[in-house]
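This briefing covers one pocket and one sheet. The sequence and the structure come first, followed by the notes.

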Amino acid sequence: MAAAAAGPARRRRPEREEAAEPPPSPTGSPKSAGSGPGLARRLLGFELRELTRWQRFVRLLHRPQDPAALGAFRAAFGLLMALDVPQERGLGHLDQRYLDGLEVCRFPLLPFLAPLPLDWMYLLYTVMFLGALGIMLGCCYRLSCVAFLCPYWYLLLLDKTSWNNHSYLYGLLGFQLALLGADRYGALAVGGTLGTVTVALSPPPCPPSSVDGLFRPQKRNAHVPLWNYALLRAQVFIVYFIAGLKKLDADWVGGFSMGTLARHWLFAPFRLVLSEELTSRLVVHGGGLLLDLSAGFLLFFDATRPLALVFVTYFHCMNSQLFSIGMFSYTMLATNGLFCRPEWPRGLVARCPPRLQAWLPTTKPPQPSPDCLYGGRRARGSLRPRQHLAAAFTILYVLEQLFLPYSHFITQGYNNWTNGLYGYSWDMMVHSRFHQHVKITYRDGLTGEVGYLKPGAFTQSRRWRDHADMLKQYSACLSRLLPRYNVSQPQIYFDVWVSINERFQQRLVDPRVDLVRAPWSPWTPTPWLLPLLVDLSPWRQRLQELEAQLDGHTDTVFIADFPGLHLENFVSEDLGNTSLRVLRGQVLVELVEQQQNRSLQEGEAMQLPAGQYHKVHTVSPEPSCYMYLYVNTTALELEQKLTRLRELRERVRNGTEQSPLPPELHPLLGEPLPAGAPLDPLVSLLLRREQRQQRRERQASPAQRLRRFLRRKFFLFRRSALMTLIALRNLALGRPAPERLAQEVAFASWRGEEEEAQPEADGGAQRGPEL
């Protein structure tokens, strides 16, 4: 990571060994006469010899740098985190997650972590929000970083179901900023100190670099050592590069990870010249792989940085529309400035009108800082222990970040079909999952009575379905809750069917194992976790071909099961035409109500009765593969009737229909319903569908979408602020009467008079068999 340590490459003159100490330049590189710069200095910004000895390396990392770009990133990061608190951190719906007395199973990383009472949780979020604002303004900077980081990491460790890569990245960036001198430049100027001096009405003659600059002039617009930039650049480089390495996975290279993403409207320009399949393989998967692998390198070098900025900006702007990832895209856009010349914000300020410049950060060169080292390579002066410590920390931190994404051989208990808990490995979007069926069975340990729980009972998330450690926590929680419902010594069994990256649907865990008493350790593999059937991966191309042969009214589910296990399934009465076909192995189909069994070999099929249970036993020594083909006959019949109504209306309008229209069908023509005539339910359904379609077309304009977006955000932030004020009032003055509190919560939850209409569910919607 030598390149990341030195920052973006710049052309510099070589230093002469006998040079006297010159005044510091904005980049921190001493100026001297001599021959032209060497290749290493032109490409990397430093000579390779500066890495050969520890003292030279320490001096390199403490080369003075302009603080402007660092301060700009700090301000942007603080703003984005302040916006993130009501949204992805959950302040807007905090009462729904941590309501006092709520019976809910939680999934903390450390077993002793538990949520605070609701009002105290609001106080915690308030501290985190104020800390983010303090980071943005550079106000009480170190204290603001601590105020943001402590609640942030507590909330992240409190709930593993909310883990993702970008939330983890926010915590890392906040931790790094707490150690850096990012408060020396980059905030808007104010005309006075906080609380002790009145705010001036005229522009200040010399804007401070941040609010802290009002109190400590020696920090105002002062150099920062190079390792401040090196740490952040290395972190961003690792995010890109490791994400690219993880995308070398065969599923991503083969185009199976995000198979349907190419249908999004953002890829419509590519589909004008490429098929959907080629758009997925070349643009989505191939382009994502190449960008992640190369972005860090392209951002580093001066010659390639403009091109990198264009592609990286386009990439993150697309991601902000493709995925619900909160502030991640904008945070990564903010990191682009860290790779540019450190003085670039001064250039922007210098281009502003003079009246505006008076309120913006200064354009004057930075002042010297005691944290930096000045002079040539032979400059005398002992290095302080603090500087050695900073250099050692930079190296150790980068090595730790390079090691952690590949440390899953240590924490084997968290490994499932994918390694580790999703959130710290930078394997972003590499794996997509589709769950066909989840069944939770409980057995009374004393009476033997068997019952079933609705999947997700007592939980607020669905992430537990993919992680063995969370299934273990969930079963332990259910064993504590079910005795309240007269279930003694409960035994809990999970049957989770999931497809990963377009493979067969298969079981994740052994359904015969009671997870309450099953062993689990973070350091050893989970014995009751079933393996991913990777030997069936070549079937995916064949499965896509089979699906392509189906008509618009037929759907399919592909199943793979292990020897000795069986699938119990119920075919809904709506699915009047359902069949089972064996693709590999041998199965025994048991028709429960008819008490009949039928053996099926590879290539054989049978019709399944609707409205009945059946069991599919795998009797072959190897895993069996079979497929369900089903037609939702109820939905098909409904669509046919609606089509006939549309055709009838068209004939009446063009005069080809001679017979009079029945009274109950008059609303088809926009006429009022005759008195006493009942409204035909099919006509009502058709009219509702058409009204919704018209409403969607009216709201499809960019202006309408922007209006809805701003409206949602406004009421989210409004509810966050009002609920926080209610909680702080409760802590300070006590809770009011329940009736008044309910009125206050209702007022905070009010979303305006123009409630967005929720689409009504149509009867007979097509669905798959209830596995």
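By class, the residues lining the second largest pocket of this predicted model are nine nonpolar, 14 polar and ten charged. The pocket encloses about 1,200 Å³ of space. Its lining is made up of 33 residues.

**Lining of the second largest pocket**
- The lining residues closest to the pocket centre are T260, R263, E502, Q544 and E547.
- At least two lining residues come from each of α12 (276-300), β3, α19 (539-548) and β7 (554-561).
- Helix α19 gives the most to this lining, contributing six residues.

**The open sheet**
- Strand β3, which supplies at least two residues of the pocket lining, is also one of four strands in an open sheet.
- The strand order in this sheet is β4-β3-β5-β6, and the pairing is antiparallel.
- The edges are formed by β4 (residues 450-453) and β6 (residues 506-507), each of which pairs on one side only.

**Pairing of β5 with β6**
- Strand β5 spans residues 491-500 and pairs with β6 in the antiparallel sense over two bridges.
- W497 has R507 in β6 as its bridge partner.

**Helix across the sheet**
- Helix α18, residues 468-481, lies across three strands: β3 (433-443), β4 and β5.
- Relative to β5, helix α18 runs at about 150°.
- Among the strands that α18 lies across, β4 is an edge strand of the sheet.

Definitions and conventions: Residues numbered from 1 in each chain as written. Predicted model: local features only at pLDDT ≥ 70, side-chain atom pairs only at ≥ 80, totals over all residues. Heavy atoms only, no water. Pairing = 2+ DSSP bridges. Contact = heavy atoms within 4.5 Å. Axes fitted to C-alpha atoms, helices over the stretch in contact; angles between N-to-C directions. 1 Å grid on protein atoms, 1.4 Å probe; cavity = no way out; pocket = protein on both sides within 12 Å on 5 of 7 lines; lining within 4 Å. Points joined across faces, edges and corners; volume = space filled by probe spheres on them. Nonpolar A, V, L, I, M, F, W, Y, C, P; charged D, E, K, R; others polar.
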